[in-house]
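Me: I'd like to go through this one label by label and ask what earns each label. Here is the structure to look at.

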Amino acid sequence: MKSKKARSKKLIQLAFYLLLLKKDFDDISIKEICDRAGVSRMSFYRYYSTKEDVFIVFCDETFDSFFQQISHDPSLSMKDMFVLFFEGLRKYHREIDILKKSQRETILLVQFEQYASYMASKMNLTNSLNPYSIPFFAGGLFNVVIRWSNRNYIDTPEEMTNSMLTYLKLAD
């Protein structure tokens, strides 16, 4: 059984997403989210500071799950990691589409840069990278994801992976 904390966070996320399907981001109040979720404002502020934080925490939790998956299997190739990445993004396409509809998709860009930096440090690559490598990679990945979503995720995760690996080879 989920803890009360995890349950409250999920209820808040779900309530916010459901409201976003009907209303613009700026027209939704914290009170509305709490009423819809059946939690107090105090509960909301226990887990989040702003409405944007609901997305950021969701992104962080999703990345943590992805990172745990790839870090527990040292035999994964770069191709395998990209396939898992794009499969995960496709799984959460509604959240990406909500961010775009709310004109908050840059939340993904900021998160991608943090995740790329974290992964580079875990792989002991930070000393070998120039200061523009991580922002360049994160920005490129962000734009690829937004273009993929604009195309209604028509390409498979494998096709997306092959495209990314082709681009990375050009950088050699």
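**Why the labels hold**

Reply: Let's start in a loop. Outside the residues up to four places away in sequence, Arg-104 touches Phe-25, Asp-26, Glu-52 and Leu-99. Keep in mind that the model is predicted.

Me: Where is Arg-104, and what makes it buried?

Reply: Arg-104 sits in the loop between α6 and α7. Its relative accessible area is 18%, and the cut-off for buried is under 20%, so Arg-104 counts as buried.

Me: What about Gln-103: buried or exposed?

Reply: Exposed. Gln-103 has 67% relative accessibility and the label needs over 50%, so exposed is the right word for Gln-103. Gln-103 also belongs to the loop between α6 and α7.

Me: What makes the phi of Gln-103 worth a mention?

Reply: The sign. Most residues other than glycine have a negative phi. Gln-103 is not a glycine, yet its phi is positive, near 55°. Gln-103 follows α6.

Me: Which other residue has a positive phi although it is not a glycine?

Reply: Tyr-153, with a phi of about 55°. Tyr-153 is in the loop between α8 and α9 (157–170). With a relative accessible area of 7%, Tyr-153 is under the 20% limit, so it is called buried.

Me: Back to α6. How do you know that its buried residues line one face of the helix?

Reply: The buried residues of α6 (residues 93–101) are Glu-95, Ile-96, Ile-98 and Leu-99. Looking down the axis of α6, these fall within an arc of 160°, so they line one face. The cover over them includes α1 (4–22), α4 (51–71), α5 (78–91), α7 (106–122) and α8 (133–150).

Me: Now the rings. How many aromatic pairs are there, and why is the one between Tyr-47 and Tyr-48 called edge-to-face?

Reply: The structure holds 20 aromatic pairs. For Tyr-47 and Tyr-48 the planes are 75° apart, with 6.5 Å centre to centre. Edge-to-face takes an angle over 60 degrees, so the 75° of Tyr-47 and Tyr-48 earns that label. Both Tyr-47 and Tyr-48 are buried.

Me: And why is the pair of Phe-82 and Phe-86 called stacked?

Reply: Their planes make an angle of 20°, and the centres are 6.3 Å apart. Stacked means under 30 degrees, and a pair needs centres within 6.5 Å, so Phe-82 and Phe-86 pass on both counts. The two lie in helix α5, 4 residues apart, about one turn of the helix. In general, an α-helix has 3.6 residues a turn, so residues three or four places apart point the same way.

Me: How do you know that Phe-82 is buried, and what about Phe-86: buried or exposed?

Reply: Phe-82 has a relative accessible area of 6%, and Phe-86 has 0% relative accessibility. The limit is under 20%, so Phe-82 and Phe-86 are each buried.

Me: What makes a cluster out of these rings?

Reply: Ring pairs link the members, among them Phe-63, Phe-82, Phe-86, Tyr-115, Trp-148 and Tyr-153.

Me: Why is Tyr-92 called partly exposed?

Reply: Tyr-92 has 24% relative accessibility. Buried is under 20% and exposed is over 50%, so Tyr-92 falls in between. It is found in the loop between α5 and α6. Leaving out neighbours within four places in sequence, Tyr-92 is in contact with Phe-58 and Thr-62. The C-alpha atoms of Tyr-92 and Cys-59 are separated by 9.8 Å, at 33 residues apart along the chain.

Me: What about Glu-159: where is it, and which label does it get?

Reply: Glu-159 is in helix α9. Its relative accessible area is 41%, between the 20% and 50% limits, so Glu-159 is partly exposed too.

Me: Last one, on the whole chain. What does its secondary structure come to, and what share of its residues is buried?

Reply: There are 9 helices and 0 strands. Buried residues make up 38% of the 172 residues.

Definitions and conventions:
Residues numbered from 1 in each chain as written. Predicted model: local features only at pLDDT ≥ 70, side-chain atom pairs only at ≥ 80, totals over all residues. Heavy atoms only, no water. Buried < 20%, exposed > 50% of the residue type's maximum accessible area, 1.4 Å probe, protein only. Arc of directions from axis to C-beta. Contact = heavy atoms within 4.5 Å. Phe/Tyr/Trp six-rings, centres within 6.5 Å; stacked < 30°, edge-to-face > 60°.
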